Amino acid sequence: MSVTTLDPRGVRFTAAMTSVILALGLVTTSWRVMAAQMVLFGLCAFIGMQLNPWGALFRTTVQSKLPPVAPEDREDPAPVRFSQGVGFVFTLVATIGYAADLTTLGIAANALALVAALLNAVFGYCLGCQMYLVLRRFAPAGASTTD
């Protein structure tokens, strides 16, 4: 099953759920919590958005209660997948930091990921998506625009 476009409300729902996990990681400084979120980011970034459990929860419980999104308001999954990859890197660093008793490193990486997730959940502003667009602007001419 491939995802052609994304409901932006589902992306924000996922960011909200991710924010809860990242906040839990920040409060507990648990490498296990960070590792779990890192796996979720990795599945979405490197395998496919259809593996996102929060997206599945949104589609099965919330989306049917909302009016449909106009096709022109749906989102391209490429920037969102890229942002999941950025989240993967930050949670990898946080996991390593917490596991290696480099708590300050873990907290810093965890907090940065949490800020990014909260920006998306609360304001609909995806930092990773914006990074993707900037990087695409500097891509060599003729480079593919797909994943």
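Which residue takes a positive phi just after α1? Keep that question in mind while you look around this predicted model, and begin with the whole chain in a cartoon view.

Colour the protein by secondary structure, and you should find six helices and zero strands, so that the order of elements from the N terminus on reads α-α-α-α-α-α. The radius of gyration is 16 Å, close to the 15 Å that the globule rule gives for 147 residues, and the protein is therefore as compact as a globular protein of that length. If you turn the C-alpha trace along its principal axes, its spans are about 45 × 45 × 30 Å.

Next, show the surface, which comes to about 8200 Å² of accessible area, with 70% of it belonging to carbon and sulfur atoms. Then select the charged side chains, of which 9 are positive and 7 are negative, and note that the centres of these two sets lie 4 Å apart.

Now hide the surface and select residues 8–28, which form helix α1. This helix has 21 residues and reaches 30 Å from its first C-alpha to its last, close to the 30 Å expected at 1.5 Å a residue. Within α1, display the side chains of the buried residues, among them V11, T14, I21 and L22. To see what covers the buried residues of α1, add α2 (31–47), α3 (53–62), α4 (77–99) and α5 (103–123), which are included in that cover.

Finally, step just past the end of α1 and select T29, the residue that answers the opening question, since its phi is positive, at about 45°.

Note on methods
Residues numbered from 1 in each chain as written. Predicted model: local features only at pLDDT ≥ 70, side-chain atom pairs only at ≥ 80, totals over all residues. Heavy atoms only, no water. Helix = DSSP H or I, 4+ residues; strand = E, 2+ residues; numbered from the N terminus. Rg over C-alpha atoms; globule rule 2.2 N^0.38 Å. Areas by Shrake-Rupley, 256 points an atom, 1.4 Å probe, with all protein chains shown as cover. Lys, Arg positive; Asp, Glu negative; His and termini not counted. Charge placed at Lys NZ, Arg CZ, Asp CG, Glu CD. Expected span 1.5 Å × (residues − 1). Buried < 20%, exposed > 50% of the residue type's maximum accessible area, 1.4 Å probe, protein only. Contact = heavy atoms within 4.5 Å.
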